[in-house]
Amino acid sequence: MSRVEIFPCSEFSLKISEIAPDKSISHRSAMFSMLACGTSEITNFLRAEDTLNTLEIVKNLGAKVEDDGVTIKISSDGIQESSEILDCGNSGTGMRLFCGLLSSAKGHFVLTGDTYLRRRPMKRVTAPLRDIGAKLDGRNDGDLAPLSIRGASLKAFHYESKIASAQVKSAMILAALRADGICTYTEPELSRDHTERMLGGMGADIKVEGLKTTIAPMNGLLSPLKIRVPADPSSAFFFAVAAAITPHAEIILEGVTLNVTRIEAFKALERMGADISYEITDNKYEPIGNIRVKHAPLHAITVEENISWLIDELPALSIAFACAEGVSVVKNAEELRVKESDRISTVVNGLVACGIEVEEMHDGYSVKGGVLQSALVDSHGDHRIAMSFIIAGLRCGMQVTDIDCINTSFPNFFELLSKITKIEVK
Ligand code: S3P
């Protein structure tokens with residue numbers, strides 16, 4: 001279990017083109033290639049633990065995967081039963097989307113994950129999938145992994161989800177592609193929409209009208225994917241906060257997806273006073289471009305809408321709250337409690353350790369801006385908690401423990417951070 005010490009930084013001006021590729025899109029690109037006729041070609045695939053686990057599972061399900069280190073080529077003759085237990089590692093996206101994909105596949109499959117993933121709720125996908133005929137089971141009546149799946153015939157559905165979750169939506173869309181009729185999925189708030197965009201681009205008949213997605217069953221196979229995965233805005237955001245909280249700092253983050261469902265945290269930082277601009281340079285499945293962030297004095301805001309658009313960035317945004325004038329508030333964010341850690345409690349405890357006044361609520365927290373103090377913070381095995389408090393260390397110095405989890409999403413994080421400050425990994 002490694003530990004890191006971060007030293008305070010002074011002003012910097014940087015352009016970064018090597019932000020980790022998008023995790024959500026990388027998972028999907030590997031999985032969706034199994035639905036295509038012909039060879040899919042993926043460049044800039046995220047080579048981090050979570051997405052490499054997904055790629056390994058795709059291989060175990062019989063796909064042919066060729067990787068020359070630049071392009072990953074995937075072709076499949078249909079999903080095959082595997083003699084292996086399919087290990088999703090730390091990834092909720094991996095496990096939930098595979099539930100949707102495998103529910104209709106011929107054979108028996110077992111999905112598992114690390115100790116953190118085996119504690120996270122899976123009923124949000126297993127229950128609606130069971131309702132349409134899927135044969136899924138797991139501990140606690142199908143809520144906890146390991147999960148077993150016996151592929152079955154699926155009935156058409158009209159599902160109204162109570163949570164805005166792209167993982168649940170994607171699992172149900174994957175199931176709908178093999179169901180026996182037209183399906184609809186409605187969510188309370190739009191969640192990230194990579195699945196609809198990518199499968200639509202591959203020729204699937206998917207229509208999105210507001211919060212309702214209509215999916216027709218697949219008529220034959222889809223066209224192969226040809227995709228360069230853009231940089232991950234959730235990973236880029238750590239560096240955006242680094243620039244926003246450091247006087248006179250400026251950073252340009254290149255090649256990031258500018259999908260509106262993914263850049264809400266940058267908009268929140270803008271509302272706090274940071275000087276942020278966007279430049280679209282490409283459009284393949286979704287807009288892609290550069291984000292420039294310049295320091296400016298920050299002030300408090302309330303975040304209570306479109307929570308799913310910035311749920312992954314709330315820990316890092318909370319570091320900006322701690323450096324802002326006034327009391328910032330996060331509401332309607334109870335989903336934070338079932339992420340890689342209970343992020344309401346890990347953010348609150350981390351900030352308290354850094355001398356910041358924080359109040360915990362059932363669905364969020366408030367943070368009174370102040371002076372961050374050097375502390376020893378435990379990541380609780382959560383990559384985004386680890387990276388958020390490392391960024392806080394740019395102001396005051398910090399030690400963060402249990403940092404190996406950063407490899408699940410952002411393996412070159414320290415390499416990039418070393419352009420800004422001194423780091424000692426112990
Ligand atoms: C993801 C969806 C979100 C997000 C997660 C990735 C995805 O989870 O927090 O990191 O790729 O679909 P929920 O669907 O649980 O909101």
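The exercises below work through the ligand site and two backbone features of a predicted model.

**Exercise 1.** Determine which residues surround the ligand, and how they divide into nonpolar, polar and charged.

*Solution.* Begin by collecting the residues with a heavy atom within 4 Å of the ligand, which gives Ser 24, Arg 28, Thr 93, Ser 165, Ala 166, Gln 167, Arg 192, Ile 311, Asp 312 and Lys 339. Sorting this shell by residue class then yields two nonpolar, four polar and four charged residues.

**Exercise 2.** Find polar side-chain atoms that approach oxygen atoms of the ligand, and state how much of the ligand the protein buries.

*Solution.* Take Ser 24 to start with, where an N or O atom of the side chain is 2.7 Å from a ligand oxygen. Continue with Ser 165, which places a polar side-chain atom 2.6 Å from an oxygen atom of the ligand, and with Asp 312, for which a polar side-chain atom also lies 2.6 Å from a ligand oxygen. Finally, consider the accessible area: the ligand taken alone exposes 380 Å², and the protein buries 95% of that.

**Exercise 3.** Locate the ligand with respect to pockets, secondary structure elements and domains.

*Solution.* The ligand sits in the largest pocket, and the elements that contribute two or more residues to the surrounding shell are α1 (23–32) and α6 (166–176). At the level of domains, at least three shell residues come from each of domain 1 (3–21 + 230–425) and domain 2 (23–228).

**Exercise 4.** Identify the backbone features at Pro 146 and His 248, and place each residue in the fold.

*Solution.* Recall that most residues other than glycine have a negative phi, and that most peptide bonds are trans. The bond from Ala 145 to Pro 146 is cis, with omega near 5°, and Pro 146 belongs to strand β9 (residues 144–150). His 248 has a positive phi, near 70°, and is found in the loop between α8 (233–244) and β15 (250–257).

Terms used:
Residues are numbered from 1 along each chain as its sequence is written. This is a predicted model: local features need pLDDT of at least 70, side-chain atom pairs count only at pLDDT 80 or more; totals for chains, interfaces and linings use all residues. Side-chain values use heavy atoms; hydrogens and water are left out. A polar contact is a pair of N or O atoms within 3.5 Å; within protein, one must be able to donate a hydrogen and the other to accept it, and residues adjacent in sequence count only if both atoms are side-chain atoms. Accessible areas come from the Shrake-Rupley method with a 1.4 Å probe; for residues, only the protein chains shown count as cover. On a 1 Å grid over the protein atoms alone, a cavity is a set of points where a 1.4 Å probe fits but cannot get out, and a pocket is an open set with protein on both sides within 12 Å along at least five of seven lines; lining residues have an atom within 4 Å of a point. A molecule sits in a cavity or pocket if more than half of its atoms lie within 2 Å of its grid points. Helices (H or I, at least four residues) and strands (E, at least two) are DSSP runs, numbered from the N terminus. Ala, Val, Leu, Ile, Met, Phe, Trp, Tyr, Cys and Pro count as nonpolar, Asp, Glu, Lys and Arg as charged, and the others, Gly among them, as polar. Domain bounds come from an automatic or database domain assignment.
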